[in-house]
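Okay, thanks for squeezing me in. Let me put the structure up and then we'll walk through it together.

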Amino acid sequence: MRKLFTLGAVASAVILGGCQTTDSTMNAPVAHIYGTQEPFAKEAVYFVMTDRFVDGDPRNNFEQQGGDHPSWSLRLEGPDGKFANAGYMGGDFKGILQNIDYIKDMGFSAIWITPVLDNPDQGFTGDEPISYGGMFKDGGKSGYHGYWATNFYKADEHLVSDDLTVSDFTSAMHDAGFKVVFDIVANHGTPSWTMPEDQPGYGELYDRDGNLVADHMNLPPESLDPENEPLHRFFHPYPDLVKLSNLNEHHPDVQEYLINSYLYWIEQGADAFRIDTIRHVSHDFWRTMSDRIRAEHPGFYMFGESFQYDANFIAQHTQPKNGGISVLDFPMQKAMVSVFENADSDFATLADTLYLTHGPYHNPYELTTFYDNHDMARMNASDEGFIDAHNWLFTARGIPVVYQGSEFGYMRGTSEHQGNRNYIGQARLDAAVSHPIRSRLSQIAGIRQALPALQRGLQYNVRLAGHEAVFFRVVQDDDAQQTALVMLNKSDSPLVMVADTFVESGKWKEWVTGEDVTVSEQGITATVPAHGVRVFVKNGTLQSADFEQALLTQMARQ
């Protein structure tokens, strides 16, 4: 390997990612090779829990709201000065807009926000009281997270401002070059029974015009009478999750209410949906919903949360007969935590979660990949562990998602009511700009953003073992012809890595260092720094018939 010359910044070489539709030498049609042609695959997603991000407009905090049952800053005290919070903390859309550059500079092109829907004004008085570290208890909590909708057509007043509607917000995000992913719910409304006295909003649903269309009436599900009480018809007469109302997705009125609300939010600027608790609703509903959405918005991308580690189970949602909805990759998430929290782990642990051939998913490249989120303990890794995780996340197959604060290791190791969802605020973001995790994340995410091969290329593994991961990502179609060779090192020492199979001779570019290299028939040998990454890229169509056939064979068995 001989160094020819060094380019300046990585970003200066974006022009090298050109493409052609035919082989320029043979003038023959190009064999199409790719992992996916889903347009959303080019995005990288930053996940924001809006209320816990940044307070951009104190006027919409409504700190006195709730009266005897307040909903603002409901602090949960823990041991040794630790704390969490079950109330509103002030984060809003203006707080996101004030930090567009902070998010964009990390290499993200899409933002997933928690539900925009109106939630009750009071803290919930039913169920068991929540305490620090408590799980599956809703007593004393507010709907700061957005998942307790009382009106699926109305924005929560804590998120919007007098001069910033939801449509204004999405327009501003679009102008900044972002896609906006809306979080939607179908299986439940608010906590709906066990209140000492019925509270306004809880157990109730209102339509677009503000009319009451459903009311649990503080009754346990078994006491509901959907046959004779019109306001009960939206609910199943049996429970599902804690004390949340269990919406009857089979009822035609419920289907119309929910699906029309999703269409409404697309009109307000939603570019994609993340679907909460998708496994709690029938496949039949999701097929009906997706057919209607895509009839009006062809190709609309959706991914669901099926909180299970069984790939065969969660993959059911990805099948066209069930709606063709992608999912969050929970099996890979579990493996990523195992690998990147532990210094002596083995990259081979991740191999089986890729399902590059003969897998259960309709297309594994369209899954959203992540290592933690708001519903589980944050990854408890060192700075180097987070850096290694991001190097994998932004080069391996899938659409990467990173939860707010992970770019500086915020509240690592904590679960939902131990600090996982603690408020971040502007001061922390300002201090995080030069954090080593964020700096390295920006580097690898920026490289992915520039390279079609890393966005949608077929992944062909060379070696996943010990501290080493070496694999190709290859895309060859009418829009791009590009081969990327990725080398990852998660050890504390530099490693010399070799790739000598299917590495074509010619000019390549290494995108981390900016170096152009000439590769001979002996392949590529490179020293990869501790917790480092190298991404070698060759533009143009494949010259090796053997490599092309190997890729086509793998693609056919995907």
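So, aromatics to start with: this is a predicted model, and it holds 35 aromatic pairs. Take Phe340 and Phe347, which form an edge-to-face pair, 6.1 Å from centre to centre, with 75 degrees between the planes. Are those two buried or exposed? Phe340 has a relative accessible area of 4%, so Phe340 counts as buried. Phe347 comes out at 1% and is buried as well.

Now a second pair, Phe472 and Phe547. Here the ring centres are 4.9 Å apart and the planes sit at 55 degrees, so this pair is called tilted. What I like is where the two partners come from. Phe472 belongs to strand β19, residues 468-476, while Phe547 belongs to helix α13, residues 545-556. That's 75 residues apart, so the pair links distant parts of the chain. Phe472 is buried at 0% relative accessibility, and Phe547 is buried too, also with 0%.

There's also a cluster to click on. Phe152, Tyr153, Phe182, Phe234, Tyr257, Tyr264 and Trp265 make up one aromatic cluster.

And a couple of rings have a charge over them. Lys334 lies over the face of Tyr309, 5.3 Å from the ring centre. Over at Tyr102, the charged end of Arg438 sits above the ring, 4.3 Å from its centre.

Okay, on to the sheet. It's an open one with eight strands, paired in parallel, and the order reads β15-β14-β13-β8-β5-β2-β17-β16. Which strands stand at the edges? Those are β15 (326-327) and β16 (368-369): each has a single partner strand, so one side of each has no neighbour in the sheet.

Let's zoom in on β5, residues 110-113. Quick reminder: in a regular strand, side chains alternate between the two faces of the sheet. In β5, both faces are covered. Ala110 and Trp112 are on one side, Ile111 and Ile113 are on the other, and all of them are buried.

Who are the neighbours of β5? On one hand there's β2, residues 45-48, which pairs with β5 in the parallel sense over four bridges. If you want to find the register, Val45 stands opposite Ala110, and Val48 has Ile113 as its bridge partner. Then there's β8, residues 179-184, which runs parallel to β5 and is joined to it by four bridges. Ala110 turns up here again, with Lys179 as its bridge partner in β8.

Last stop, helices. Helix α4 (residues 252-267) packs against helix α5 (residues 283-296) at an angle of about 35 degrees, with the axes 11 Å apart. The crossing is right-handed. On the α4 side, the contacts include Leu258, Ile259, Leu263 and Ile266. On the α5 side, Phe285, Met289 and Ile293 are among the residues they meet. It isn't purely greasy on paper either, since Glu256 in α4 and Arg292 in α5 are also on the contact list.

And what about α9, residues 383-393? That helix is mostly covered, with nine of its eleven residues buried. Among the buried ones are Phe386, Asp388, His390, Asn391 and Trp392.

That's my tour. Happy to rotate the model if anybody wants another look.

Note on methods. Residues are numbered from 1 along each chain as its sequence is written. This is a predicted model: local features need pLDDT of at least 70, side-chain atom pairs count only at pLDDT 80 or more; totals for chains, interfaces and linings use all residues. Side-chain values use heavy atoms; hydrogens and water are left out. Rings of Phe, Tyr and Trp (its six-membered ring) pair if their centres lie within 6.5 Å; planes under 30 degrees apart count as stacked, over 60 as edge-to-face and the rest as tilted. Buried means under 20% relative accessible area, exposed over 50%, partly exposed in between (1.4 Å probe, protein chains only). Helices (H or I, at least four residues) and strands (E, at least two) are DSSP runs, numbered from the N terminus. A charge sits over a ring if NZ of Lys or CZ of Arg is within 6 Å of the ring centre and within 35 degrees of the ring normal. Two strands pair if DSSP finds at least two bridges between them. Axes are lines fitted to C-alpha atoms, for helices over the stretch in contact, and angles run from 0 to 180 degrees between N-to-C directions. A crossing is left-handed if the near helix is turned anticlockwise from the far one by less than a right angle, and right-handed if clockwise. Contact means heavy atoms within 4.5 Å.
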